[in-house]
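Student: Could you take me through the aromatic rings in this one, slowly, and then show me what surrounds them? I'd like a close look at one part before the rest.

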Amino acid sequence: MEKEHKHNHGSKCSCCEHEHNHGHEHHHHDDGCGCGHNHEHGGEVNKGEFAFKVICGGILLVIGYILEEFTDINSYIPLICFAISYLIVGFNIIKEAVEGVIHGNIFNENLLMGIASIGAFAIGEYIEGCAVVLLYTIGEFLQDLAVGKSRKSISDMIEMKPQSVTVIRNGKNVEVKPEDVKVGEEFIVNPGQKIDLDGVIVKGNAEVDMAALTGESVPVSMMPGSEVLSGSVNLDGMLIIKATKPYSESTVSRILAMIEDSNGKKSNAEKFISRFARIYTPIVCLIALLIIVVPPLFFHGEWSEWIYRGLSALVVSCPCAIVISIPLGFFSGLGACSKQGILIKGSNYLEMLSKCNVGVFDKTGTITSGKFEYVNCECVHCHCENAVEHRELLALIAACEKYSTHPIAKSVSLAFGHYADELDVTDAKNYAGMGVSAVINGKKYYAGNEKLMTQVGVDFKETALIGTAIYLCSDEEFLGDIVFADVIKADSKDALAEMKKMGITKTVMLTGDKEPIAKDIAEKAGIDVCYSKLLPDEKVERVRELKKDNNDLVLYTGDGINDAPVLAEADLGVAMGGIGSDVAIEAADVVIMGDSLSKIPLGRKIAKKTMHIVNENIIFSIGVKVLIIIGCAVGIFDENAMWLAVFGDVGVCLIAVANSLRALYFRNKSKK
């Protein structure tokens, strides 16, 4: 499957691939069924116009029927009632049919309905002619309501854009637009208010509800120094927060952009249906024409009877049920995932999530917690004055790791960062998959794994301790190391076991860590195969090899900057967004807003449910239409053909749309 990784804050119109800005100024276009209606976007339903058409048209239809069936009045009177009823309800249908033909959409649904209804009038079936356009109008209205309801439930959930932010400027509280808040400025969030920008708490303690982002209902305790994400809700305490990102790069802004962009990335099923509709509609129209002309010309059939049957086949032929319900089904599935804190960047990736059969995982921060516990310190040539505390060694390592985003660096900073407060740190540099370097008080030091030590060229000895070691050296000599141990996440083992139950036939762990540590974690988590001591490019090669085996579809999950190339290489890249880097999130196709691996089997359940619904709609819609067309051709239905045809078009479409909405509602049974 072709992967797309171009992300921007514009969005694409889901049916025509035209890019546009957040204003969403949509144009009139064909969505695949050729009906001219903007099904995929739901459109705005004019309830007043609809009510006028249905009430007035319906009343005139009933009056005409009563006059024709139960009185001896002049036949022109009921005909006038039927004609006015038809014009009130069907005028826009005829108008849009003509516009469709002018714009090249010859086989649009409005044209099919127009021909069928006018044809019914021509052969004296006035009631059927009026009923076709009346029921079609009601069906279109109900479809728009259903689609609109689906979109509203999604937009209500993700519409988190703030209107104003209270910023502290020159000692005063100032209300400004979120876009005007600068990085480093402090803003106030009162109890009950939404946190509008990403930042770090400067003052205050509070319970923060992150359900809109992660899907988890349990609030998180926050205190000074805690990082908070926009879209969270402050439940019970006043907070002063320092903005760490501009609004355009905040979590809320990126979520909105990703969900909007997802409309432009169609699944294989959607692409197939669009192509199918363009072939299917002309074919069934030809069949309807043959039903009308062949029996009277070659088998002495009655023209009025076969015209009626052919018109019925024409009514049922439009594939709107498929073309509307399939994108809606995928959209509902994406919405259900969003509610659980799983952001999927397109229906093609939702489809891929249901099909992947090999799961590949990074170790640190993905399978393990990424919260490293200090084990021991080993000095070699660090010249520490205090041989017990090793403050100099710890201070130098903490200073090197100060600007690193790796989880172990955060653990080092937390444990020993205060040792480095007095040191002057400049020229920090990251070495992908190996470590970092920095100039400290005028001298260059390197902190990282054994590969970095080898690259620098110092004589060092690997630690015998079990855990992840950070070695320290200068250009001249090896100074020593500290060892941290990572712990497996509480839900990792269960999540991996659940994935295997759901069709992931092979699980693989890729890590830059040493082999004993990798094997220990893999065994505890229930991983089938593990590869250790890998650099980022070596991880990419492993994924490529796995993709070649039996044409497997590979899902890769990671969280760090080093994982970005692998996320892009895999058939489906999943970033752990709760602790993940911006680069990893941009490269991924799926973003887990928390740091729980159990979200992946949860998302897979939703994806599989969505695909079941999509397949149900395809089989049901095509099956019913084909049966009705055959019935019209062989004369099984006779007098009821037109009514069944209306059901085959409008009724089937409504059933398919209602079925698609089931994908929007997913109950996480694992939650207590």
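Tutor: Counting ring pairs gives 13 aromatic pairs here. Let's zoom in on tyrosine 374 and phenylalanine 416, whose ring centres are 5.1 Å apart. Their planes sit at 80 degrees, and anything over 60 counts as edge-to-face, so that's what we call this pair. Before we go on, keep in mind that you're looking at a predicted model.

Now, where do these two rings come from? Tyrosine 374 belongs to strand S14 (residues 373-379), while phenylalanine 416 is in helix H13 (residues 407-416). They are 42 residues apart, so this pair links distant parts of the chain. The two partners also differ in how much surface they show. Tyrosine 374 has 38% relative accessibility, so it counts as partly exposed. Phenylalanine 416 has a relative accessible area of 8%, and because buried means under 20%, it goes in the buried group.

Stay with phenylalanine 416 for a moment, as it also forms an aromatic pair with phenylalanine 484. This one is edge-to-face too, with 6.4 Å centre to centre and 75 degrees between the planes. Phenylalanine 484 lies in strand S19 (residues 478-485) and phenylalanine 416 in helix H13, so the pair ties together parts of the chain that are 68 residues apart in sequence. As for phenylalanine 484, its relative accessible area is 0%, so it is buried.

Other rings are worth finding as well. Phe82, Tyr86, Phe121 and Tyr126 are joined by ring pairs into a cluster. Rings can have charged neighbours, too: arginine 309 lies over the face of tryptophan 306, at 4.2 Å from the ring centre. Likewise, tyrosine 419 has arginine 391 over its face, at 4.1 Å from the ring centre.

Now let's step back to the whole chain. You can trace 21 helices and 24 strands in it. Of its 672 residues, 54% are buried. Among contacts with a separation of 6 or more, 66% are between residues 24 or more positions apart. For one example of parts far apart in sequence, try isoleucine 326 and asparagine 617: they are 291 residues apart along the chain, and their C-alpha atoms are 7.3 Å apart in space. Isoleucine 326 lies in helix H9 (residues 320-339), and with 1% relative accessibility it counts as buried.

Next, pick out the strands of one sheet. It's an open sheet of 6 strands, in the order S4-S3-S5-S11-S6-S9, with antiparallel pairing. The edges are strand S4 (172-176) and strand S9 (227-228), each of which pairs on one side only. Starting from the S4 edge, strand S3 (residues 165-169) pairs with S4 in the antiparallel sense over 5 bridges. One of the matches there is arginine 169 with its bridge partner lysine 172 in S4. S3 is also joined to S5 by 3 bridges, again running antiparallel, and valine 167 has phenylalanine 187 in S5 as its bridge partner. Carry on across the sheet and strand S5 (residues 186-189) meets strand S11 (residues 239-243), antiparallel over 4 bridges. Here isoleucine 188 stands opposite isoleucine 240 in S11.

The turn from S3 to S4 deserves a look of its own. This hairpin has 2 residues between the strands, and asparagine 170 takes a positive phi near 55 degrees, although it is not a glycine. Asparagine 170 is exposed, with a relative accessible area of 81%. Histidine 300 is another non-glycine with a positive phi, this time about 60 degrees. You'll find histidine 300 in the loop between helix H7 (268-298) and helix H8 (303-316), and it is exposed at 76% relative accessible area.

Last stop: two packed helices. Such a pair is described by the angle between the axes and the distance between them. The axes of helix H10 (residues 347-355) and helix H20 (residues 599-634) come within 8 Å and cross at roughly 105 degrees. H10 and H20 are therefore roughly perpendicular to each other. Among the residues making the contact are Leu350 and Leu353 of H10, along with Ala607 and Met611 of H20.

Terms used:
Residues numbered from 1 in each chain as written. Predicted model: local features only at pLDDT ≥ 70, side-chain atom pairs only at ≥ 80, totals over all residues. Heavy atoms only, no water. Pairing = 2+ DSSP bridges. Phe/Tyr/Trp six-rings, centres within 6.5 Å; stacked < 30°, edge-to-face > 60°. Buried < 20%, exposed > 50% of the residue type's maximum accessible area, 1.4 Å probe, protein only. Lys NZ or Arg CZ within 6 Å of the ring centre and 35° of its normal. Axes fitted to C-alpha atoms, helices over the stretch in contact; angles between N-to-C directions. Parallel < 35°, antiparallel > 145°, perpendicular 65-115°, else oblique. Contact = heavy atoms within 4.5 Å.
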